[in-house]
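Student: Here is a structure that is new to me. Can we go through what its numbers rest on?

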Amino acid sequence: MTRSRHWRNNLIGYSFIFFPFLVYATFVLYPVFGTLQLSFTNWDGFERVRHFVGMANYVRMWKDPFFLKSLYHNLIWILIGTSLPIAIGLPLAVILWSGVKGFQAFRTIYFMPLVLSSVVVGIIWGWIYNPVFGIANEFLRMIGLSSLVRAWLGDTSTALPALIIAAAWQYYGFCVIIFLAGLQNVDISLIDAAKIDGASSLQRFFYVIVPQMRNVLTMIILYTLIGGFKVFDLVFVTTQGGPAGATELLATYLFKQAFQLNYVGYAAAMAIFLAFLVIAVSVLFIRLRERVA
Amino acid sequence: MKLKIVKMFCGLPRYVVVIIFAVVSLTPLIWVWSSALKTHMEIFINPFAPPSKFYIDNLVKAWNLGRFSKYTLNSVIITVPTVAGVILLSSLAGYAFGKLRFYGRDILFYVSLFGLTLPFQAVMIPLYYLMLDIGIISTYRAVILPAIGFGLPFGTFMMRAFFKSIPGEVMDAARVDGCTDLQIFLKIMLPLALPAISTLAVLQSLWTWNELLIPLLFLQRQELHPLTLGLMFFKGRYTQDYGLIFAGATIMSLPIVGLYLLLHRHFIKGITAGTIK
């Protein structure tokens, strides 16, 4: 009796997940193994045979100055691209939370850039950074800093930070929303107590609110970290990694290796490395989320 | 009265900060939209002034000659089946993982979470050659199927959380009344899940609408391009004609921002739930 019921339950369960799993396995799981397999070959995308080269592609990465440079750019992206939106988003969320008229409207506005396609963001910022007509230079001229005027996206020393600022513009509203959600769990009586004890608003922010937001803060950092490794779209639609490789990132570099230079095996190894980085951070992320929930 | 003024003044710096950032978030976009309504000359002579009169030639030209009518249609053709597919399959899987008992359920659920943050780069190379081999490269299917596959982990995750929150008594009662498992799912669970489904629909539409890499790889014929690719190549071709580029950017962003303003609660709720719950 119980055995046949188990059997029936299994059958029902599997019939519900059959089609979702089929699609997921075909287009997500199976190709990951394909990439792993290719990463041990030196296939160029055309040859009929795929020569096994062992770990050669993984060794080659660490001797490839362009790969190392791209990885370095990702690290810069993560460093600035994480700290800037948080430094803006957290105080902004606390201000909104402490009672501002039109709270809903502000929240809606801050989040809005996030719904834009990276192509549109690229157009907006390409125009802001335009060497001749852009507001960035216009503004510098206005405040008398004409010496700083430059082609922001065409200059090897400013292109990467300029793109990171564009990304931060799009992303900081997301931080505001997540921090606002986290602030709902902050114990208000502690803030009142600190107020009675004479803590200034700045002290209350750093010693009472921030410590209680530690988990949400860590989660946002990990989330941005994952995003920082994956960045592709904004760079691809603006500088394409240029000028002179100044904005080349792991994702854009491996895209070129795979589809423009046809070093398929090598690109596959870099893709596996990228996936490994992202998954390692994600596992940390999920562990933490379980602890918070 | 005096107290009110003092209070207002104390609150002022706070409002200055929140308003400055509202301006920072909002103006670039409004400025692109208004520039789309300017003549070529006006954009360069008065870059920051509002348009002197509504000049719609850029929009008309982008829509017709720039083929944005075609790109918009293609975006819809790709987005609708992708969103429908993700909703249908995620509801099935989410229900199974959240409410049914079967052997290996938890392991399979963790396996499906694996795709939650997996970068598309990790699968794009074999997928590209697969599409080439089976001959569906440069068809809508080549974009829709992988897009559904990559939408499933989040959708399943979200629908499972929702179905889990529905009390089991609802199912027991239905079963006593003689409902089969399929009937319980279709007639009781799905209608209850409508709020979750609409949140998922909104988010997935946004992601598919803005997807760049998947169509870039799998749609190599221009007449199949969605708005993302259309606008990207358009921008490359008309580098100097800012009026036209802004018109293209307007055509692409206006519908999604409109949808967002209409349904912002769903957007915000979905994003929050997906990140911290």
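Student: What share of the contacts in chain A with a separation of 6 or more comes from residues 24 or more positions apart?

Tutor: The share is 70%. Two residues are in contact if their C-beta atoms, placed from the backbone, lie within 7 Å. This is a predicted model, in which local features need pLDDT of at least 70 and side-chain atom pairs count only at pLDDT 80 or more, while totals for chains, interfaces and linings use all residues. Residues are numbered from 1 along each chain as its sequence is written, and chains are lettered from A and ligands numbered from 1 in the order in which they are written.

Student: What makes up the secondary structure of chain A?

Tutor: Chain A has 13 helices and zero strands. Helices (H or I, at least four residues) and strands (E, at least two) are DSSP runs, numbered from the N terminus.

Student: Why does the span of helix 3 of chain A agree with its number of residues?

Tutor: The expected span is 1.5 Å times one less than the number of residues. For the 33 residues of helix 3 (residues 65-97) that gives 48 Å, and the end C-alpha atoms are 47 Å apart, so the two agree. Just after this helix, A:Gly99 has a positive phi of about 105°.

Student: How many residues does each chain bring to the contact between chains A and B?

Tutor: Chain B brings 68 residues and chain A brings 69 residues. On the chain B side, helix 1 (residues 2-35) gives the most, with 11 residues.
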